[in-house]
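Hi there,

Here is the structure I promised to pass on to you. Have a look at it first, and then read on for what turned up.

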Amino acid sequence: MPVRTATKGDLRAIHALERAAFGSHCYPDFFFRQALDLWPAYLLVAEDDDDVLAGYGLGGAGTAPGEGWILSLAVAESCRGQGLGKALLQALLAALDEGGCRRQRLTVAPDNPALGLYLSLGFVEEGGEPDYFGPGEPRLVLVRG
Ligand SMILES: CC(C)(COP(=O)(O)OP(=O)(O)OC[C@H]1O[C@@H](n2cnc3c(N)ncnc32)[C@H](O)[C@@H]1OP(=O)(O)O)[C@@H](O)C(=O)NCCC(=O)NCCS
């Protein structure tokens, strides 16, 4: 599935996918509108043959020079296990590289199987916080580059 940058017309579907993937822990809809203004090159989508959103990834520029973050990655349940998550992440990392964000970070729950995907693409554990997103919400911080 080809990966492309998102447009305003994708935002509703992106938020629906975000909600399906992360439930009550999802980003609010208006966040994606602002993310599109801030980081238009780092909001990527892929659609299936029927033009239905199959996955999306979001990155952002950090405050330190050359620092970028992977802020979200989600693939529709029916499209998982086919390499799309990896393709989206690779495209996002390439876009961040091209935008000068060559040191990339992300957070992941220690028990999320996505950890294996991140390690396979060169991320290494940098640290972690037991209550990163609040009590009982631990996250590992990974870095690449
Ligand atoms: C994480 C996610 C984006 C992966 O998408 P995907 O399209 O299924 O991933 P891929 O098919 O590209 O798999 C990439 C690699 O990760 C591994 N992987 C992905 N999900 C896995 C799972 N649930 N269990 C075990 N391994 C998994 C695959 O084995 C594959 O490894 P390989 O390249 O050696 O074959 C998807 O499972 C998802 O949307 N999860 C819910 C949201 C989420 O947790 N996002 C990450 C937040 S940090």
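In what sense do strand 5 and strand 7 pair, and over how many bridges? They pair in the antiparallel sense, over 5 bridges. Before you go further, keep in mind that this is a predicted model.

To find your way around this pairing, look for strand 5 at residues 103-108 and strand 7 at residues 139-144. Threonine 107 is a handy marker, as it stands opposite valine 141 of strand 7. Strand 7 has another partner too: strand 6, residues 124-129, pairs with strand 7 in the antiparallel sense, again over 5 bridges. Over there, glycine 128 stands opposite leucine 140. How much of strand 7 is covered? Most of it: 5 of its 6 residues are buried.

Next, the largest pocket. Its volume is about 890 Å³, and 31 residues line it. If you want to jump to its centre, pick Phe22, Ser72, Leu73, Asn112 and Tyr118, which lie nearest to that point. The elements that each give two or more residues to the lining are helix 1 (11-22), strand 4 (67-75), helix 3 (84-98), strand 5 and helix 4 (114-120). Strand 4 gives the largest share, with 7 residues. Sorted by class, the lining has 19 nonpolar, 8 polar and 4 charged residues.

Now for the ligand. Which residues come nearest to it? There are 18 residues around the ligand, and Val75, Gly81, Gly83, Gly85 and Lys86 come nearest. Here are some atom pairs worth clicking on:

- Leucine 73: one of its polar backbone atoms is 2.8 Å from a nitrogen atom of the ligand.
- Glutamine 82: a polar backbone atom here is 3.2 Å from an oxygen atom of the ligand.
- Glycine 85: a polar backbone atom of this residue is 2.8 Å from an oxygen atom of the ligand.

Leucine 73 has come up before, by the way: Leu73 is also among the residues nearest the centre of the largest pocket.

One last stop is aspartate 51. You'll find it in the loop between strand 2 (43-47) and strand 3 (53-61). Its phi is near 65 degrees, a positive value in a residue other than glycine. Is aspartate 51 buried or exposed? Its relative accessible area is 59%, so aspartate 51 counts as exposed, the cut-off being over 50%.

Happy browsing!

Terms used: Residues are numbered from 1 along each chain as its sequence is written. This is a predicted model: local features need pLDDT of at least 70, side-chain atom pairs count only at pLDDT 80 or more; totals for chains, interfaces and linings use all residues. Side-chain values use heavy atoms; hydrogens and water are left out. Buried means under 20% relative accessible area, exposed over 50%, partly exposed in between (1.4 Å probe, protein chains only). Helices (H or I, at least four residues) and strands (E, at least two) are DSSP runs, numbered from the N terminus. Two strands pair if DSSP finds at least two bridges between them. On a 1 Å grid over the protein atoms alone, a cavity is a set of points where a 1.4 Å probe fits but cannot get out, and a pocket is an open set with protein on both sides within 12 Å along at least five of seven lines; lining residues have an atom within 4 Å of a point. Grid points are joined across faces, edges and corners, and a volume is the space filled by probe spheres set on the points. Ala, Val, Leu, Ile, Met, Phe, Trp, Tyr, Cys and Pro count as nonpolar, Asp, Glu, Lys and Arg as charged, and the others, Gly among them, as polar. A residue is near a molecule or strand if one of its heavy atoms lies within 4 Å of it. A polar contact is a pair of N or O atoms within 3.5 Å; within protein, one must be able to donate a hydrogen and the other to accept it, and residues adjacent in sequence count only if both atoms are side-chain atoms.
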